Amino acid sequence: MVEKSDTRYSCFEKVVLFRHYKMSEAQRRPMSVGVKPANGYINGAAPLRSPSIVPQVDEFCRALGGKRPIHSILIANNGMAAVKFIRSIRTWAYETFGTEKAILLVAMATPEDMRINAEHIRIADQFVEVPGGTNNNNYANVQLIVEMAEITRVDAVWPGWGHASENPALPDALGAKGIVFLGPPAASMAALGDKIGSSLIAQAADVPTLPWSGSHVKIPPESCLVTIPDATYQEACVHTTEEAIASCRVVGYPAMIKASWGGGGKGIRKVHNDDEVKALFKQVQGEVPGSPIFIMKVASQSRHLEVQLLCDQYGNVAALHSRDCSVQRRHQKIIEEGPITVAPLETTKKLEQAARRLAKCVNYVGAATVEYLYSMETGEYYFLELNPRLQVEHPVTEWIAEINLPAAQVAVGMEIRRFYGMEHGGGYDAWRKTSIVATPFDFDKAESTKPKGHCVAVRVTSEDPDDGFKPTSGRVQELNFKSKPNVWAYFSVKSGGGIHEFSDSQFGHVFAFGESRALAIANMVLGLKEIQIRGEIRTNVDYTIDLLHALDYKENKIHTGWLDSRIAMRVRAERPPWYLSVVGGALYHISLVNSQVSLNIEGSKYTINMVRGGPGSYRLRMNDSEIEAEIHTLRDGGLLMQLDGNSHVVYAEEEAAGTRLLIDGRTCLLQNDHDPSKLVAETPCKLLRYLVVDGSHVDADTPYAEVEVMKMCMPLLSPASGKIHFKMSEGQAMQAGELIARLDLDDPSAVRKAEPFHGSFPILGPPTAISGKVHQRCAASLNAARMILAGYEHNIDEVVQSLLSCLDNPELPFLQWQECFAVLANRLPKELRDEAHLNAYPEKEKGAQERLIEPLMSLVKSYERGREGHARIIVQGLFEEYLSVEELFSDNIQADVIERLRLQYKKDLLKIVDIVLSHQGIKSKNKLILRLLEQLVYPNPAAYRDQLIRFSTLNHTNYSEFSGLCTSLIPWSSDAQCIYAVSTEGKSVTRADKT
């Protein structure tokens, strides 16, 4: 009997043999741990804990009526399950004992997990290395788990979910070694973990079930505690395709073909007629080899509802609120929430009581979830199955019931009888107070109270929504999540890690809380928009945000087939605007000053001509339209793109199908040219079986093979019609890009090709805001002139005209002074700002003040000879930039020049690139110099005599256009009484006396 200090507390406050602490901030982020041994096989007594902690855990167990103190636990799982368990136990240990290291946590580590820097290995106290490959070699290998538990001398094993968590052989094997299994006994697991057995037991416990192949099979309630006779069990199964067809006709189409040992979307197919049964029955058998098969009626337009149970060894069964997991894709949960809002409160209570009856039937111990299908039309509910383990979505219950479920599992493993909690003041010694004042408490008489608020959960998976949710694997370059007060998440990987081919596709779980369902949904959307994930994997984040925005979901009008129907209608996540994808893709591929790029995006072929106006400035032309864009390279390899006055962050990742762009968190694919006659693997996978005969004919969009990708079975569809020839053997592992088969196309000309895009860019403004003030226009024109000299392209006539116009503007000196003075104003002494003379300062301070106002003095000096003198300084500077590069190449072979530059700039090769790039733009540079000669040098050649001489000595055909003109100007460059007129072709000069 569980004991409690005050019977006024509700079932949900008293329940669960554990304290109802809300998940603290410590549980929402990983905690640092001690150094691990280099080899897991040397794990022994843990040196990571204080010696005083062991007797404290012993005292805790005894004081609360427990029998088996647990000091160390082997985590027989990886990924999400292992990370969540470690974080939960660390939180509980710190709150209970004042140290997160009170319980030693040992992880199992495969070579693949080690390679990707798996989070559960990093945060565990110790780890043991186990063989790699599929889970039958490691996390699902019962013998190996038991051996690892013995080697590490742990007190208990936690199985998590998936892998060996539902294998009755594991608790039996551990029990034989005296090791606690943190889950149900083997008999209960075998009875309820099996879908067929649990349905028979549900019928015996008067829990409603859907019509199924075992509806006619009855067992007495008292036989639930013993093994169901094999003959009775087999009577509920279907063994052949013919039996499956007969059973489907009895229960009625549509029906489900289900493997009793299946789960997570494996071993389940929906069929609508006899032909589909013939085609899919073998697939179900192949996905879960050896599993019994049964048929169940499909409950259309139904909701998937759950009840969380926690049971102890003394016959107490607590129902910990409810969950709604109706948003599913191929029977895999995507969005979970709790509590139930679609059913009346009375129905929810019936679901809870039915779940409790079912658990009591088999003397269940530990955490479990009872799943139901609920008809929104009739209000009826039907038993679906019982999961004899903790489920992925259990944090939903933790939030609304304020309980730490993994820690509760440990308490049950210690066989603790007394509940304790914050009603005794909380703190590290709350359990001592509880052990003194506890009084008897009866779960059967308790009334359920309203749960706290509403919680929505979203699974983050490495699946590609654009490719049938095919799982993807690879490195994770960046994973960043910003938690909020009502939103938290945990992930099994970090930045720099990855997801390997044997991982589960789920690598993250996000939870959002709100006082109402609407607030919880809004908080979730905001939380998901804070996630940044980049790398070789694809994710479902964008797609899920769209689901949460869907009107049906907001109005709670969803059902278990809702998401699959959206997928069938090809409702996709929002894409970036088409022109953003085109510009982002073009800028990602540019390499030269002038280049042309062709991009295939969703069936359209875009051809873009690009011209660089500077290191990060571009003009893109397409079909007589032109836009400007600027980019800046980020340290993490991304591009910060400025377009039409707005900024966008662009990342790119190469994959088998093309280049995947991530623009402002939304994705698009720049597709490679596709050859439909080559059927290749797009991700690492295992070829399970061919669905057609080698050499046979296949139609377009029909499955020709089935592959296993990260524990999921996926069909491969033929892109066109033709005769297929296999190149791979069944059972063979493949890498992305490997050839699976060739297709002799029926009509090669009928293959869909990208259609040329004949439209134009939208009318867009400049990349950044442009000022109309003359001094800022002057600076922009001068910068454009320098970019031309650096080898980039601009409209030379416009640049020269704008520059000269600005230099001749009488407002220019004043505005330049204002701009320069504004920079120095706060640093100048007050008396100097108020027109005090510099000479008034003592000699010691005068030098410092002169250095301070040097920019102002330089500006003044440039105007000593008026605006013409200032313009002359500007033009002379441009001439110097031209000569500093071209004098290197004058009368020299380019290859020799580059070789000398390599020796000169060994540590700065980019300097060589800049010089060569500048020289390659010689035609544009010459044109700019000629325009400046025409406008400023011819009227006053004497001011430019030194540079004219240097121009005239340039000896190469590249400079012949103007070097002769400069030579003819030199004799007259000292004659101040002459003016010169240049011919319209710029090839002759005439002298005339000024008088």
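A salt bridge here is a side-chain nitrogen of Lys or Arg within 4 Å of a carboxyl oxygen of Asp or Glu. Keep that in mind as you click around this predicted model, where local features need pLDDT of at least 70, side-chain atom pairs count only at pLDDT 80 or more, and totals for chains, interfaces and linings use all residues. Residues are numbered from 1 along each chain as its sequence is written, and side-chain values use heavy atoms, with hydrogens and water left out.

**Stop one: helix H31**

Select residues 922–937, which make up helix H31. Helices (H or I, at least four residues) and strands (E, at least two) are DSSP runs, numbered from the N terminus. Show the side chains of glutamate 934 and arginine 931: they meet in a salt bridge at 3.5 Å, N to O. The two sit 3 residues apart in H31, about one turn of the helix. An α-helix has 3.6 residues a turn, so residues three or four places apart point the same way.

**Stop two: add helix H28**

Now bring in residues 866–889, helix H28. H28 and H31 pack at an angle of about 150°, with axes 11 Å apart (axes are lines fitted to C-alpha atoms, for helices over the stretch in contact, and angles run from 0 to 180 degrees between N-to-C directions). Which residues of H28 meet H31? Pick out Val875, Leu878, Phe879, Tyr882, Val885 and Glu886; their partners in H31 include Ile929, Leu932 and Leu936. Contact means heavy atoms within 4.5 Å.

**Stop three: helix H30**

Select 909–920 for helix H30, 12 residues long. Its buried residues (under 20% relative accessible area; exposed is over 50%, partly exposed in between; 1.4 Å probe, protein chains only) are Ile912, Ile915, Val916, Leu917, Ser918 and His919. Turn on H22 (774–789), H28, H29 (894–904) and H31 to see some of what covers them.

**Stop four: lysine 333**

Jump to lysine 333 and glutamate 393, a salt bridge whose closest N and O atoms are 2.7 Å apart. Lysine 333 is in strand S12 and glutamate 393 in the loop between strand S14 and helix H14, so the pair ties together parts 60 residues apart in sequence. Both residues are buried. Add Glu306, Arg323, Glu336, Glu371 and Arg459, and you have the rest of a salt-bridge network that includes this pair.

**Last stop: arginine 534**

Show arginine 534 and aspartate 636, joined by a salt bridge of 3.3 Å, N to O. Buried or partly exposed: which is arginine 534? Arginine 534 counts as buried, at 8% relative accessibility, while aspartate 636 counts as partly exposed at 30%. If you want to keep hunting, the whole structure has 43 salt bridges.

How values were computed. The expected span of a helix is 1.5 Å times one less than its number of residues.
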